[in-house]
Each structure stands twice: as C-alpha cells, then as structure tokens.
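Work through these exercises with the sequence and the model side by side. Try each task before you read its solution.

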Amino acid sequence: MTQAGPPGLRGRRLLARAALGWELFWPGAWPILALLGAFLVLALLGLPAFLPPWLHSLGLVAFAASLALMLRRAWQGSRIPDAQAVERRLERASGLSHRPLSVMTDRPAGNDPLAMAIWQAHQARMAARIRHLRVGLPRPGLAARDPLALRAAMAVALVAAFGIAGDAAPERLRRALI
C-alpha cells in the first residue's frame with residue numbers, strides 16, 4: 001500500500017470525479033435538452049410549414065439565440081470537481097466519518113518518533129476502513145428542479161411526434177431548419 005491509499009483508490013477517485021461532474025453538468029444541460037426537444041416536437045409535427053416565412057425565420061433566430069444563451073449559462077455554471085470534493089464524495093457514499101482519505105496524505109507536525117509511530121498506526125487503521133470504498137450513483141437532483149416531471153412529458157411528446165411523422169421525419173426536420 002502506498003502513502004496515497006490502497007490499490008484501486010485512483011480508479012475510484014476517477015469514478016467519483018465523473019459522478020460529481022455529471023451531477024454538476026446535468027442540471028445545466030436539462031434546459032438545453034428541453035429546448036431542443038420542443039424544437040424537435042414542433043418540427044416533427046410539421047408546424048413550421050404553416051408559418052409565414054418571416055415568422056419562421058424569426059422563430060429560428062429566437063431558437064438559436066435561446067440555445068446560445070442557455071449554452072453560455074451552462075458553461076459558466078460548470079466546473080471540474082476538486083480533489084477535496086472527490087474525497088468527500090467517496091467518504092460520504094461509503095458511510096465513513098472522520099475523513100480517512102485525508103489521513104493517507106497528512107503528516108503529523110514535528111519529527112517525534114513516538115508521534116510518528118502513533119500516526120502510522122492511525123494510518124493503518126484508516127487504510128483498513130477505506131479498502132471497500134463506494135462511489136455511489138450520481139444524484140443530479142433534477143427532480144427538485146423539475147417537480148412537475150416535464151422531462152417525462154417531453155420524452156412522451158418526442159416519441160409521439162416521431163410516430164406521427166413516420167417516414168417524413170427527416171424531411172420535416174430539414175424544412176424546419178430552412
């Protein structure tokens with residue numbers, strides 16, 4: 001075992017970073033996906049064909065501007081989880097208290113041999129606690145941001161729109177973008 005922890009800890013840290021990244025990314029991505037979904041539903045139903053050309057063009061500009069604004073907002077709100085957040089995630093998901101992962105890299109103050117022996121025994125005890133770390137599933141908390149479950153309604157609307165469009169779906173999408 002190295003000073004950094006037991007074997008497999010690096011892989012678990014990567015998984016925890018990915019889970020935290022997803023939790024940070026998904027809430028910002030949901031409005032973008034909702035806008036794209038609404039556009040697809042309208043396009044697949046062929047509704048843009050009933051608009052006058054100037055209104056259709058205005059709708060496309062509004063869609064593009066809204067998409068750009070949402071992408072910018074999502075980009076500004078995103079960040080890469082730091083090492084401390086990753087360690088807290090692993091400890092929380094594993095039900096560990098007293099931050100055993102930080103013990104693996106901490107050092108006692110001074111060079112007292114007795115203090116070092118006690119610290120090494122403490123590190124060995126903590127290393128035994130972290131052998132079976134769990135990452136846990138990502139919890140982006142989307143249900144709290146979408147209490148009416150509009151994401152499910154969007155999925156149903158997309159499936160229905162694709163079913164209605166049938167073989168004409170590619171042509172309808174092309175016409176909606178022109």
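Five exercises follow, each with a worked solution.

This is a predicted model, in which local features need pLDDT of at least 70 and side-chain atom pairs count only at pLDDT 80 or more, while totals for chains, interfaces and linings use all residues. Residues are numbered from 1 along each chain as its sequence is written, and side-chain values use heavy atoms, with hydrogens and water left out.

**Exercise 1. Confidence**

Find which element of the protein chain has the lowest mean pLDDT and which has the highest.

Solution.
- Start with the term: pLDDT is the predictor's confidence in each residue, from 0 to 100.
- Take the whole chain: the average is 83, and 96% of the residues score at least 70.
- Now go by element (helices are DSSP runs of H or I, at least four residues, and strands are runs of E, at least two, numbered from the N terminus).
- Helix α4, residues 100-103, has the lowest mean, 75.
- Helix α7, residues 150-165, has the highest, 91.

**Exercise 2. Helix α3**

Determine the span of α3 and what its buried residues pack against.

Solution.
- α3 has 12 residues and reaches 17 Å from its first C-alpha to its last.
- That is close to the 16 Å expected at 1.5 Å a residue (the expected span is 1.5 Å times one less than the number of residues).
- List the buried residues: Val86, Glu87, Arg88, Arg89, Leu90, Glu91 and Ser94.
- Buried means under 20% relative accessible area, exposed over 50%, partly exposed in between (1.4 Å probe, protein chains only).
- These buried residues pack against α1 and α4.
- Take Arg88 as a case: it is buried, at 17% relative accessibility.
- Leaving aside neighbours within four places in sequence, Arg88 is in contact with Arg99 and Ser102 (contact means heavy atoms within 4.5 Å).

**Exercise 3. Salt bridges**

Locate the partners of Glu23, Glu87 and Glu171.

Solution.
- A salt bridge is a side-chain nitrogen of Lys or Arg within 4 Å of a carboxyl oxygen of Asp or Glu.
- The whole structure holds 6 salt bridges.
- Glu23 pairs with Arg89, with the closest N and O atoms 2.6 Å apart.
- Glu23 lies in helix α1 and Arg89 in helix α3, so this pair ties together parts 66 residues apart in sequence.
- Both Glu23 and Arg89 are buried.
- Glu87 pairs with Arg88, the closest N and O atoms being 3.7 Å apart.
- Glu87 is buried too, at 12% relative accessibility.
- Glu171 pairs with Arg175, the closest N and O atoms being 3.9 Å apart.
- Glu171 and Arg175 are 4 residues apart in helix α8 (residues 169-177), about one helical turn.
- Glu171 is partly exposed at 34% relative accessibility, and Arg175 is partly exposed at 42%.
- Shared partners join Arg13, Glu87, Arg88 and Glu91 into one network of salt bridges.

**Exercise 4. Backbone angles**

Look up the phi of Ala149 and of Gly95.

Solution.
- Most residues other than glycine have a negative phi.
- Ala149 is not a glycine, yet its phi is positive, about 55 degrees.
- Ala149 lies in the loop between α6 (142-145) and α7.
- Gly95, just after α3, takes a positive phi of about 70 degrees.

**Exercise 5. A surface patch**

Name the residues that make the nonpolar surface patch.

Solution.
- Leu42, Leu45, Leu47, Phe50 and Ile164 make a patch of about 500 Å².
- Patches are made of residues with over 30% relative accessible area and no salt bridge; like charges are joined within 9 Å, nonpolar side chains (Val, Leu, Ile, Met, Phe, Trp, Tyr) within 5 Å.
- Accessible areas come from the Shrake-Rupley method with a 1.4 Å probe; for residues, only the protein chains shown count as cover.
- Leu42 sits in helix α1 (residues 9-44) and is partly exposed, with a relative accessible area of 44%.
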